[in-house]
Protein chains: 2
Amino acid sequence: MFLGKIWNIYFLKLLFKQQNWLINYLCAMKVTAYSCDVQSCFLCTLCLPEWLPAINSNKQNRQYKKGEQLFEEGSEASGIYFLYKGVVKVHKRWGEDKQLILHFAKQGDMIGYRGLGNDRRYPVTATALENSIVCFVDIRFFEATLQVNHQLTYSLMQFYANELQAAELRMRNLAHMEVKGRIAEMLLMLQKNFGKNNEGSLNISLSRQDMASYCGTTYETFFRLINELTREGMIQISGKSIKIYLEDKLLALTTSK
Amino acid sequence: MFLGKIWNIYFLKLLFKQQNWLINYLCAMKVTAYSCDVQSCFLCTLCLPEWLPAINSNKQNRQYKKGEQLFEEGSEASGIYFLYKGVVKVHKRWGEDKQLILHFAKQGDMIGYRGLGNDRRYPVTATALENSIVCFVDIRFFEATLQVNHQLTYSLMQFYANELQAAELRMRNLAHMEVKGRIAEMLLMLQKNFGKNNEGSLNISLSRQDMASYCGTTYETFFRLINELTREGMIQISGKSIKIYLEDKLLALTTSK
DNA sequence: GCAAAAATATGATATACATCATGTTTTTAG
DNA sequence: CTAAAAACATGATGTATATCATATTTTTGC
């Protein structure tokens, strides 16, 4: 029955190859059915069972269309988001038309937690790259939750510790690794986080500009370097689908000397 | 009496202008007197008073000479350090002879907390830039402390959140800000964290290589650019002493467009 | 379904920064 | 106190990457 559903969509996709609106419409419908079950996210799994009803009555489900912003850099941090469906980019501005993308958030990811420092404003912007559904938790309620659920606080602390390590690793890479290596690293990250689909390509579709912004470079440089990677047989890229062929060679690009 | 001591050292400094060994020796002696009072650091102020005796019997005072390593990137994370006296750089390797300095730790700073993620190895190296004294707390005891002292856990979580924000800001700057701006930013950071001495220069002395490594650039580029900053009247630098003259102009260099 | 707007492709040119090379000064260690 | 090592200074040269310019293709909105 589930397979039937997939087949159904696949069939429609073939039928209306260019008319993606229908597919999107159908997917959006399916997606609407999803919602927080108050038992599987970072928040719910780490809280005392007695606290779950409180969560249940305080959470809000929200939907965002592709391109819509969840929140913007500099605005007051109103709460924390848990992504149920979709893909969201978390990014920081530089000047008028540049940005560094910090994270491509996927199903299950927490977003907005960077607003929990001393400065209660979001230090980043979050933008939906696909139609997305989130569970929103008000910041005050979240803080109350932390006061009550020590295990959650401890886990969140560890989560931050891991994020900090990752951020500082990327800092070093931005400072010293060449762009080609950073692209290789991003591709491996995407494979790790989003996996491959049945055709063996990365299970996510990003614009080249967004991929470039993740690597901290320009569209043009990114373009030239993925061409090189293609010529060297490490990857293949057509449209928005990317296949990784020589994982070890990519990995080699990410190490020094 | 305290003033007398300072005058004493100042007098000796004049007398033996080049013979710093004596001064250092005397200072080291003075320094040896310092040690944890179990009431002023991040750890002690946030713990329950009942827990302090436990800390007192578990902490270790350690000394490091200039140039000595506290711990090394990749080695097992054995504990957390609190810096009582001295300056310590926290840095990450790249290749044989490059590094990115993440932090110049000063009195009161916590070091080694990056080792508390899932991977229980230090992701960074810590090296003393001056003779330093630290209070060391074993990682297992620290974890037990976290389990007991929820306020400490919460504060540590917030601390990490702030560090993460700072790291991601620097990530963006490494990606998009030009080196001159990053130097300006470092100088302002040094002034904020280490203050000025009675002559108005930054109260810290770093090698140019280390400053360059903090900015994510080479010694040569750093050298040329501080010359520019000097020519433009923003700073003055002689030996290891740096004076900031035009704070607002430096600040302007750190913003886009 | 069509016009407008994004996204993509690609060459030509510019430049910020790294690398190399060499000499001097300062610091360190025995 | 002296030799060796580290830090510092500075020009010459090389290169990775950004910027600009322009044409094509794809996507989006009404």
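## Close-up views of two helices and two DNA strands

**View 1. Helix 8 and helix 9 of chain A, where they cross.** In this predicted model, the axes of helix 8 of chain A and helix 9 of chain A come within 9 Å and cross at roughly 95°. Because angles of 65 to 115 degrees count as roughly perpendicular, helix 8 of chain A is described as roughly perpendicular to helix 9 of chain A. On the helix 8 side of this contact in chain A are Arg208(A), Gln209(A), Met211(A) and Ala212(A), and they meet Tyr219(A), Phe222(A) and Ile226(A) of helix 9 of chain A. Sorted by character, the residues of this contact between helix 8 and helix 9 of chain A comprise 5 nonpolar, 1 polar and 1 charged.

**View 2. The protein surface near DNA strand C.** There are 18 residues around DNA strand C, and those that come nearest are Arg208(A), Tyr219(A) and Phe223(A) from chain A, with Thr217(B) and Thr221(B) from chain B. By character, the residues of the surface near DNA strand C are 3 nonpolar, 6 polar and 9 charged. Helix 9 of chain A gives the most to this surface near DNA strand C, namely 5 residues.

**View 3. Polar contacts with DNA strand C.** A polar atom in the side chain of Arg208(A) lies 2.8 Å from a phosphate oxygen of DNA strand C, and a polar side-chain atom of Thr217(B) lies 2.6 Å from a phosphate oxygen of that strand. A base is also reached, since an N or O atom in the side chain of Arg224(B) is 3.0 Å from a base oxygen of DNA strand C. Among the atoms of DNA strand C within 4 Å of the protein, 61% belong to sugar or phosphate, while the rest belong to bases.

**View 4. The protein surface near DNA strand D.** Of the 19 residues around DNA strand D, the nearest are Thr217(A), Glu220(A) and Thr221(A) from chain A, together with Arg208(B) and Tyr219(B) from chain B. Helix 9 of chain B gives the most to the surface near DNA strand D, with 5 residues, and the residues of this surface divide into 3 nonpolar, 7 polar and 9 charged.

**View 5. Polar contacts with DNA strand D.** A polar backbone atom of Val179(A) is 3.0 Å from a phosphate oxygen of DNA strand D. Two threonines of chain A use their side chains: a polar side-chain atom of Thr218(A) lies 3.3 Å from a phosphate oxygen of DNA strand D, and an N or O atom in the side chain of Thr221(A) is 2.5 Å from a phosphate oxygen of this strand.

Note on methods
Residues numbered from 1 in each chain as written. Chains lettered and ligands numbered in written order. Predicted model: local features only at pLDDT ≥ 70, side-chain atom pairs only at ≥ 80, totals over all residues. Heavy atoms only, no water. Near = heavy atom within 4 Å. Polar contact = N/O pair within 3.5 Å; in protein donor to acceptor, adjacent residues only side chain to side chain. Helix = DSSP H or I, 4+ residues; strand = E, 2+ residues; numbered from the N terminus. Nonpolar A, V, L, I, M, F, W, Y, C, P; charged D, E, K, R; others polar. Axes fitted to C-alpha atoms, helices over the stretch in contact; angles between N-to-C directions. Parallel < 35°, antiparallel > 145°, perpendicular 65-115°, else oblique. Contact = heavy atoms within 4.5 Å.
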